[in-house]
Structure formats: C-alpha cells, structure tokens
Amino acid sequence: MIAVLASTAVVQSTATPVPVHWYLIVSIVLFLIGITVVLTRRNLIYVLMGVELILNAAALNFIAFGSYRGAHGLVDGTVMATLIIVMAATEATIALAIVLNVFGLFQSVRPQDPNLLRE
Amino acid sequence: MEPQILAFLVLATTAIAGGIITLWSKYIVHATFGLMMSLLGVAGFYVLLGSDLLAVTQVVVYVGGVVILYLFGVMLTPPDLEERSKLRIGIVGGLATVAGILLIAAVNGMSTSGWQGLDPEGGVPDAAVSVIDSVGRSFMNKDQYLLVFELASVLLLVALIGAVYVARRRGEPSQ
C-alpha cells in the first residue's frame, strides 16, 4: 500500500514541467563557481563578485522550495530572498567603500597586500 | 519540448555561462558584465517560479545598482592583468567540479524518493494571482515578518552611516 502510494508520488513528481531539483542543481553550480572565484582571483573586486554569486545561489534555493510549497510558501520564499538582496546590496556598498580605502592606503587591491592594522 | 523546460534550459545556460565568464575572464569589465548576465538569468528563474516581485527587485537592485557600483569600483582602481592564475583556477575548479558532481548526485538521490512536504504539482505559477499583495501584507503583519522588516531597515540605516564614515576624506580638518 505504502509502496504504491510512494510510486504514484514519484510518477506525479516526474509529471511536473520542471522538477524542483533542477533548480537546486543550477544553484549548486552557481555556488561552486562563486566559491572558485573567491578562492582563486587575487583582486578584491573579483572576490566581492564571487560573494554575489554565492548569495544569488542561496536566494534561488529559497524561491525554488517556496514555490513548490504553494502560494504561502512562495510568499515566505520571496520574503527571505528579498532580505538576501537587501543584505547583498549593503554588503556591496560597504565592501566597495572599504576596498577604495584600502587602495588609498596601500596602492593595491590584492587581498594579500594589506598587512597593517594601522600605519 | 514543453515551453517551461525550454525556458529553464535557456535561463540555466545564461546564468551558468555568466558565472563562468566572471570566473575566467582576464579583463575585469568583462567579468562584471558576466556577473550581470548571471544575475539576469537568476531574475528569469524568479519569473519562471512565479515571484514577479522578486524578479523586478533583482533587476532594479542588482543589475541597476550593484553591478554599476562594481563598475565604479573597477574604474577607481588600477587594472591588474597579471592576477589571474590559470593553474590556481584549474586546481580549485577541478576540486569544485568533484564537489559539484557529489552534490548533484546527492540531490538526485534525494529527489527520487520525493521531497517531504513539497507539492509535486507546484512550481507552476498562477498567472492570475500576483505575489505582491500577500508579500506586502506579510511584511506589515506583526505575527509574520514585521520584526524582520524593521531589522532590515535598521541594517540599511547602519550601512548608510557606515558608508559615509568609511568613504570620507582622510587628513582634512573637519569644518
């Protein structure tokens, strides 16, 4: 009985146009590209771009799962992703201001060059 | 092929190709436009999933704001054409590929048994109902997200003051 129910559930889930785990796969790929950018590029602006990619991957997960939980889940996912966008915008503003200050002090935007707490 | 699947594949290609341009390009302006392409692809996913409000927010805030801010940062710092190390990107990218294959296999394994609590018929937006109304109500409802909303506005205020403080000119006497 349970096995029959489970098998019908699987059939139903494959009958939808786009399965939910496709979104998760895209999100995984975006997240790993972001991690690779953060770990390999030696320019603070590239590092910030990698962080943006990671945050977008997280927001996509929220919306994907929320959308598959009906209308109320979509509202919850939208609220969470809106907060992620707010946080990413503030992070970009503050971090770029700090990067420009670091460039003014050290004449470099490489992450390994700032090595003093105070001149 | 069903139109939703076709749209999904086009958007996935856009988002991932933009990310790879950001990862691989030698010139930082190309990388910034790759980031813009990736963000537009994710905005398309939001439309596909039925959250039109979030798609518009993504385009206005990210593509219109954050990416332009990055372009300003690019213009105010010198170009560095020597920082890209193909060896480093190859090593870390190879490790990330292995991690990605493992994670995708794990997600596939979980999805074959179905996600508990998920509506398998979901993910298809109802074109007649917009999400804006209910999102606005839940932001203003003290039983839902009112506190979170106020905390976000405090965060924006802190960021505003912090940006003015960090970006001020040093060494000049204050008037």
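Start by colouring chain A and chain B separately and selecting the contact between them: chain B brings 85 residues to it and chain A brings 69. Keep in mind as you go that this is a predicted model. Together the two chains bury about 7000 Å², and carbon and sulfur atoms give 75% of that area. If you like to hunt for salt bridges, the search across this interface is a short one: the rule finds 0.

**First stop: H2(A) beside H4(B)**

Select residues 20–40 of chain A, which form helix H2, and residues 86–112 of chain B, which form helix H4. Their axes come within 9 Å and cross at roughly 160°. An angle over 145 degrees counts as roughly antiparallel, so that is how H2(A) and H4(B) run relative to each other. Turn the view until one helix lies in front of the other, and you are looking at a right-handed crossing.

Now show side chains. From H2(A), the contact includes His21(A), Leu24(A), Ile25(A), Ile28(A) and Leu32(A), and further along Thr36(A), Leu39(A) and Thr40(A). On H4(B), look for Arg88(B), Val92(B), Gly93(B), Ala96(B), Gly100(B), Leu103(B) and Ser111(B), among others. Coloured by class, this contact of H2(A) with H4(B) shows 12 nonpolar, 7 polar and 1 charged residues.

**Second stop: H2(A) beside H2(B)**

Keep H2(A) on screen and add residues 28–48 of chain B, its helix H2. Here the axes come within 13 Å, again crossing at roughly 160°. H2(A) and H2(B) are therefore roughly antiparallel too, but their crossing is left-handed.

Which residues of H2(A) and H2(B) meet? Tyr23(A), Val26(A) and Leu30(A) are on the chain A side, facing Ser38(B), Val42(B), Phe45(B) and Leu48(B). The residues in this contact are 6 nonpolar, 1 polar and no charged.

**Last stop: H4(A) beside H6(B)**

Finally, select helix H4 of chain A, residues 70–106, with helix H6 of chain B, residues 146–166. The two axes come within 10 Å and cross at roughly 10°, which makes H4(A) roughly parallel to H6(B).

Follow H4(A) through Leu83(A), Val86(A), Met87(A), Thr90(A), Ile94(A) and Asn101(A), which are among its contact residues. From H6(B), the partners include Val148(B), Ala152(B), Leu155(B), Ala159(B), Gly162(B) and Val166(B). The class colours give 13 nonpolar, 4 polar and no charged residues for this contact of H4(A) with H6(B).

Technical notes
Residues are numbered from 1 along each chain as its sequence is written. Chains are lettered from A and ligands numbered from 1 in the order in which they are written. This is a predicted model: local features need pLDDT of at least 70, side-chain atom pairs count only at pLDDT 80 or more; totals for chains, interfaces and linings use all residues. Side-chain values use heavy atoms; hydrogens and water are left out. Axes are lines fitted to C-alpha atoms, for helices over the stretch in contact, and angles run from 0 to 180 degrees between N-to-C directions. Helices (H or I, at least four residues) and strands (E, at least two) are DSSP runs, numbered from the N terminus. Angles under 35 degrees count as roughly parallel, over 145 as roughly antiparallel, 65 to 115 as roughly perpendicular and the rest as oblique. A crossing is left-handed if the near helix is turned anticlockwise from the far one by less than a right angle, and right-handed if clockwise. Contact means heavy atoms within 4.5 Å. Ala, Val, Leu, Ile, Met, Phe, Trp, Tyr, Cys and Pro count as nonpolar, Asp, Glu, Lys and Arg as charged, and the others, Gly among them, as polar. Buried area is the accessible area (1.4 Å probe) that two parts lose on being put together, summed over both. A salt bridge is a side-chain nitrogen of Lys or Arg within 4 Å of a carboxyl oxygen of Asp or Glu.
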